[in-house]
Amino acid sequence: MVVRTITQCNKVFSAKTPHPLVAVIRLSDTTDIPDSFQFGFHSIWLKKWTGKTPSCFGGKECDYNEKTLIALQSGTPVIRDLCECKAGMSDGLLLCFHSSVFNPVEKGKESKYSFFGYRTDESLHLSQREQAIVERELFEIEEELCWGVDEYSSTILSERIKLLLDYISRFYCRQFIL
């Protein structure tokens, strides 16, 4: 199943559509997720696990395993394990955005957001402080979505998404050091 638009995505995840190009979805509110699908846009998954983190999300054991962040570029297959966890119920947030709002993968150049091309076993394990920052930025994007679409919304959403991606880049650098 290919989910090409944010509106389709919101229907799949039983969410409302306040903006046609950006969505923040609470994974705990979702029902009846397909076994596999792919998005026609970029997505950031912030997963909270109440059981043991599945071994497919992160190559090595680490102390930061309560929340995991996975970034997927447009066209990457999404497996059901991102939406649920056999060891416990999943919770978290999903940010989806169309490249016309902000394109983090620049064609022909080395993107500073290369983590969109990482495998799911190269996911980012967040410290508590990093979790708080990522959640804050996702909530700020969600707040902006509540304003509706006006002449400022595209600029503000683009800048908010860029700030979130810059934080994610910083946190990946920390993870590589560890």
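## Helix 2 and the cores of a predicted model

Helix 2 takes in residues 128-147, 20 in number. From first C-alpha to last it reaches 29 Å, close to the 28 Å expected at 1.5 Å a residue. The model is predicted. Among the elements of the protein chain, helix 2 has the highest mean pLDDT, 95. Strand 6 (residues 77-79) has the lowest, at 80. Averaged over the protein chain, pLDDT is 82, and 79% of the residues score at least 70.

Many side chains of helix 2 are covered. The buried residues include Ile133, Val134, Leu138, Ile141 and Leu145. Charged and polar residues are on the list too: Glu130, Gln131, Glu135, Glu137, Glu142 and Glu144 are buried. After the helix comes Gly148, with a positive phi near 90 degrees.

### Overall layout

The protein chain holds 3 helices and 8 strands. Along the sequence they follow the pattern β-α-β-β-β-β-β-β-β-α-α. Of the 178 residues, 47% count as buried. The accessible surface comes to about 9,600 Å², and carbon and sulfur atoms account for 50% of that surface. Contacts reach far along the chain. Among those between residues at least 6 apart in sequence, 79% join residues at least 24 apart.

### Two nonpolar cores

In soluble globular proteins, nonpolar side chains tend to be buried together. How many residues does the largest nonpolar core have here? The count is 29, and Leu95 and Leu165 have the most contacts inside this core. Six elements each supply at least two of its residues: strand 2 (22-26), strand 4 (42-49), strand 5 (67-72), strand 7 (90-97), helix 2 and helix 3 (153-177). Helix 3 gives the most, with 8 residues. A second, separate core has 18 residues, including Ile6, Phe13, Ile25 and Phe41.

Leu95 shows how the pieces meet. Leaving aside neighbours within four places in sequence, Leu95 is in contact with Val22, Ala23 and Val24, and with His42, Ser43 and Ile44. Leu138 and Ile141 also touch Leu95, as do Ile161 and Leu164. Of these partners, Leu138 and Ile141 are among the buried residues of helix 2.

### Residues in loops and in helix 3

Ser14 is found in the loop between helix 1 (6-12) and strand 2. Its phi is positive, about 55 degrees, although Ser14 is not a glycine. Ser14 is partly exposed, with a relative accessible area of 42%.

Leu21 lies in that loop as well, between helix 1 and strand 2. Not counting residues up to four places away in sequence, Leu21 touches Ile6, Cys96, Phe97, His98, Ser100 and Val101. One of these partners, Ile6, belongs to the second core. Is Leu21 buried or exposed, or in between? Leu21 counts as partly exposed because its relative accessibility is 28%, and buried means under 20%.

Leu126 sits in the loop between strand 8 (124-125) and helix 2. Leu126 counts as buried, at 1% relative accessibility. Ile156 lies in helix 3. Ile156 counts as partly exposed, at 33%.

For each of these three residues, the table gives a partner and the distance between C-alpha atoms.

| Pair | Separation in sequence | C-alpha to C-alpha distance |
|---|---|---|
| Leu126 and Thr68 | 58 residues | 6.1 Å |
| Ile156 and Ile141 | 15 residues | 8.6 Å |
| Leu21 and Phe41 | 20 residues | 9.1 Å |

Two of the partners have appeared above. Ile141 is a buried residue of helix 2. Phe41 is a member of the second core.

### Cysteines

A disulfide is a covalent bond between the sulfur atoms of two cysteines. The structure holds 0 disulfides. Why does Cys96 form no such bond? The closest cysteine sulfur, in Cys9, is 3.7 Å from the sulfur of Cys96, which is too far for a bond. The cut-off for a disulfide is within 2.5 Å.

Cys96 is buried, with a relative accessible area of 0%. Cys96 is also one of the residues that Leu21 touches. Cys173, by contrast, counts as partly exposed, at 47% relative accessibility.

Definitions and conventions
Residues numbered from 1 in each chain as written. Heavy atoms only, no water. Helix = DSSP H or I, 4+ residues; strand = E, 2+ residues; numbered from the N terminus. Expected span 1.5 Å × (residues − 1). Buried < 20%, exposed > 50% of the residue type's maximum accessible area, 1.4 Å probe, protein only. Contact = heavy atoms within 4.5 Å. Areas by Shrake-Rupley, 256 points an atom, 1.4 Å probe, with all protein chains shown as cover. Core = buried A, V, L, I, M, F, W, Y, C linked by side-chain atoms within 4.5 Å. pLDDT = per-residue confidence, 0-100.
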